[in-house]
Every structure is written in C-alpha cells, then in structure tokens.
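User: Please take me through one part of this model slowly. I am new to this, so explain each term as you go.

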Amino acid sequence: MATRRAKTLFCRSFCSRSSNPLRVCVVGSGPAGFYTAEKMLKAHQGAEVDIIDRLPTPYGLVRSGVAPDHPETKVVSNQFSRVAQNARCSFFGNVSLGSSVSLAELREIYHVVVLAYGAESDRLLGIPGEDLAGIHSAREFVWWYNGHPDCQYLFPDLKSSDTAVILGQGNVALDVARILLRPTAELAVTDIASHALAALEESSIRKVYLVGRRGPVQAACTAKELREVLGIKDVDIHIQEADLVKTPADEEEMKNSRIKRRVYELLSKAVMSGPSHNSTGQRELHFVFFRKPDKLLDSDDRSGYVAGVRFEKTILRESAGSGKQVALGTGQFEDLECRLVLKSIGYKSVPVEGLPFDASRGVVPNVGGRVLVDSFGDHKLLEGVYVCGWLKRGPTGIIATNLYCAEETIASISEDLEKGLLAPVRSLPKPGREGLLQLLDDRNVKVIPFRGWEKIDAEERRLGSLKNKPRDKLSTWEELLKVALD
Ligand code: NAP
C-alpha cells in the first residue's frame, strides 16, 4: 500500500520534468552514497537520483558505525537529510541489491548505477577456533551497540569472565574498548541501543586487552582516538616499557608520519605516568604489542565456547621493496584467558551477482570509480556502472574521505557522458524511478520512502526524550518496518 502511495507521489513529480533525464541509481545510503548523490545533483542539473538501501534507515556507517559517544561525527546526517529532500532525489529503504532487485535489472532501469554499499562483512584470521562461541567481529559488536537490526540478538557474553580480548589496534578496536570500559552513566545519555546499555550496566568486564601483531609505531589508530581511550575515567593503562624500544626502521617510519609520531608519544607518556595515573584502579586497559593470534582456545569441557587466545610472539622484519615492517612469528607462544574475543582486523566488502570483484583486495576493480570487467587484460569497462566508498577503495578512511572519493567518481561519470561513452543516455529513455517502483511492487517489496524514515526518526527521538537520550533506537526489523509503514 505504502509502496503504491510512494510510487504515485514520486511519479507525479518525475513526469512534470524532462522526458529523458539522466537517471541515476546509487546503491547504499552511507556517506559514500549520499556524497555521490549530492555531487551528482550539483553536477547534472537535469539528473534524477534514487538512493536505495537494504535497511529501512539511511546513513549507513553514520548510524551503525560511528560510536554513540561521538555525536559530533553524526551531525553530517543533517546534510544528507537535505540531499534526500531535494526534489530530484529519492530514498528507497528496505530494498536489497541481490534479493529485491539485481544489478542487471538496475542497469536496465537506470542510465548510471553507482555502487556505494560499503563493507558489510569481516576479514577472517584464518586460524583454528575462529568459529567458537564468544568470538565476534568488531563490526557485529559495533552494530549491536548501535542498534543495527541484524545484531540485536548478538548477546555478547559480558558476564562469564572479567576479561575481553580485542584483536587489532585500529580506530574501530579503540571504539570497542572505550564502549566496554567507559562508565555506563556517560553512555546512558548517548544514542547507544538500550539493549546494549542494559548489558553493559551488568557487565563483569574489568580488563580489556588491545592486542597488535606489530609494535607501537605500527598501531593503526590515530592520536585523537588514542588520547580519548587513554583518558577514560577510572581506567588503569598498562603498557610494557620494553615494547616501546624503537629500532632504526621504526625511527624511519616515524620520521615519515606525524600520526605515528603522535601515537608513539602518547603511548610513551602513558607508560611514564604508570598504571594508576588517573584512576581508582577499577578497570584496566592493556596495550599488548608484538603478539599475533595463533589459535582460539576451546574450554576444557569442549563446550564450543572460547576460553582464551594463544598468541605467538613476533619480531618485525622489513618486507622487501614495500618499506613496510611485517610481523614474523618467533615460535614462542603464550595464552591469554578470556571468554569474549572481538576481532577488529578490518571490514570486508561482499560482491553481488554480475559485479566484477577482486577477492584478494576485497574491492571492485575500478579506475577512478569506473568499474572494470576485470583487474587484468585490456581494462574493459562495465558500461554505466561505477563504485564509491569502501567498495571502491577498501575499508579505510574517515567519513570525509568519501567526499573526495565521490568527487572522483562523479568526475569520471561526467567525463564519460561528455565523451559519449554512455551512448544510450541521450537516445534511450530509461524508466528510472517509475520502473524500479513497479518492479518492487510486483515483488511485494515493502519500500520505505524517506517519509518512512522520518517517522522512525520522530519515534526514536520521542522515545529518547523519555530517557534523557538524543534518541532511543528501534533495533528490530519488525519495529522499524511497523513504524515506517504505519
Ligand atoms: P584498520 O585501521 O585497518 O585496523 C586494522 C587492525 O587490524 C590493524 O591493527 C591491523 O594490524 C590488524 N590486523 C589486520 N589483520 C590482522 C591479522 N590477521 N592478525 C592480527 N591483526 C590484524 O581497520 P579498522 O580499525 O577496522 O578501521 C577502519 C577505518 O575506519 C580506518 O581507516 C579507521 O581509521 C576508520 N575509523 C575511524 C574512526 C574515527 O575517526 N574515530 C573510528 C572508527 C574507524 P596491521 O597494521 O599489522 O595490519
């Protein structure tokens, strides 16, 4: 019903304009998707842009990835909301590329398809025991505390032991450590999912280990985020002084990177201050370096539940030609007991049918956002298909990185249009929005228009105001669809 209403509404506004506008579909409504839509609307005054997302809610990582105690980073969603309200732009949530509509169909319906659906899976360690219960990817844990409807029922075990081990030392690992250790009174006034806040309030976790396979100079985090985690109230910081000894190769790395210098300085300062520099010693954060995970250990009763991690000590060696120091195992092992392991070793994109994919790099082969049929050979283009964001570059960078990424992709599209490389655009009208909504209607897909998201938004804010929170997120598919379609 709502789908039909939305269709009538959108068709009316569409029919009143040019009979053959450039019709663009952006898949994914995170930062990469919204920046792409914004740039496209600006660069091509006649273009109509539809953004689809598999979730009923827009904004991707801004809603599901950014930590709840970083509200300032989420302000960009106001800008994205204005883009969605542009008369030439539409948002259609609950539309999944692959199951609701295929890439081949989108290519039939639109002149240009930009894939910006990010990285919704995880890199694997590839070591024994990875499938034991009690081990989660950081992505799942982040989705859980951010109220993503796919992880509402994750139930991370925060009760069985006092120790959590986080593998990896990037900014996501730091976010996760902060959420585990920060006083819950401070989290209670954020938009953290209610189920996560309740579990954290009951949590027995007192010690968090952030473990890196390389040294402090190679830690993947940035200074601002490190400073924040080092400053959490009532947390003792533990770092082995011996780990801070630098080699000439480390000095060289630091010489070339201000971020590395700042991170190293902050860690050194934390060592100098000693463990109880800022706390009453209630909780501990351990930075552990030069340890690579070798095996995830089953408990003695073989219950299938993780009981710890076996690490191999490492040393660093320069990898020939890369200028990068890599971790080599030394054959010395040690075990760390815990009942909760969070793997924060990076996100991974997932391909869809008909999309070329470079599985080793986890990206779509592309040149400046133009999708290539394969990474080798003659660089033949998949006509009319482009990429942006993590699917294009891999899972690195902050939100603003997607702005530059979108500019590059839009520049490629504009150039291709100018050169006539998208030949059918001028001659062949495409059904665009009308065609998409018809197809989804035929398949009984319950499309959530932006108006549906606005209802979710209003309800979440209303619920939040009752608890002194900016919003109380609806975290199940049932709740989200009910409110949006009401
Ligand atoms: P990341 O920065 O790439 O960090 C991944 C970490 O996992 C590194 O420490 C890496 O160590 C380690 N790792 C990878 N494979 C491993 C393996 N097999 N065994 C052990 N360790 C392994 O990724 P991320 O933390 O997921 O962050 C993704 C992007 O989002 C980053 O660009 C990050 O800066 C950004 N982000 C920013 C913020 C913020 O600005 N506040 C917040 C969250 C995320 P090696 O270096 O040895 O490979």
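The part in question is the ligand and what lies around it. Which residues come nearest to the ligand, and which domains give residues to its shell? Please add the sheets afterwards.

Analyst: This is a predicted model, where local features need pLDDT of at least 70 and side-chain atom pairs need 80 or more, while totals for chains, interfaces and linings use all residues. Residues are numbered from 1 along each chain as its sequence is written, and side-chain values use heavy atoms, without hydrogens or water.

Start at the ligand. There are 21 residues around it (a heavy atom within 4 Å). Gln169, Asn171, Arg213, Arg214 and Gly397 come nearest. Three of these names return in the polar contacts (N or O atoms within 3.5 Å). Arg214 places a polar side-chain atom 2.8 Å from a ligand oxygen. Asn171 also uses a polar side-chain atom, at 3.0 Å from an oxygen of the ligand. Gln169 uses its backbone instead: a polar atom there is 3.0 Å from a ligand oxygen. On its own, the ligand has 920 Å² of accessible area (Shrake-Rupley, 1.4 Å probe), and the protein covers 80% of that.

Now the shell as a whole. It holds nine nonpolar, eight polar and four charged residues (Asp, Glu, Lys and Arg count as charged; Gly counts as polar). Helix α8, residues 171-181, gives the most, with three residues (a helix is a DSSP run of H or I, at least four residues; a strand is a run of E, at least two). Domain 1 (2-120 + 351-485) and domain 2 (123-347) both contribute, so the ligand lies between them (bounds from an automatic or database assignment).

Next, the sheets. Six strands make an open parallel sheet, in the order β6-β14-β7-β8-β10-β9 (strands pair if DSSP finds at least two bridges). β6 (135-137) and β9 (235-239) are at the edges with one partner each, so one side of each has no neighbour in the sheet. The twist averages 20° from strand to strand (lines fitted to C-alpha atoms, angles from 0 to 180 degrees between N-to-C directions). β9 joins β10 (283-288) through five bridges, in parallel. There, His238 has His286 of β10 as its bridge partner.

Another open sheet is antiparallel, with three strands ordered β11-β12-β13. Its edge strands are β11 (291-298) and β13 (325-337), each pairing on one side only. Neighbours here are turned by 20° on average, direction ignored. Seven bridges link β11 to β12 (306-318). Lys295 stands opposite Arg310 in β12.

Terms used:
A polar contact is a pair of N or O atoms within 3.5 Å; within protein, one must be able to donate a hydrogen and the other to accept it, and residues adjacent in sequence count only if both atoms are side-chain atoms.
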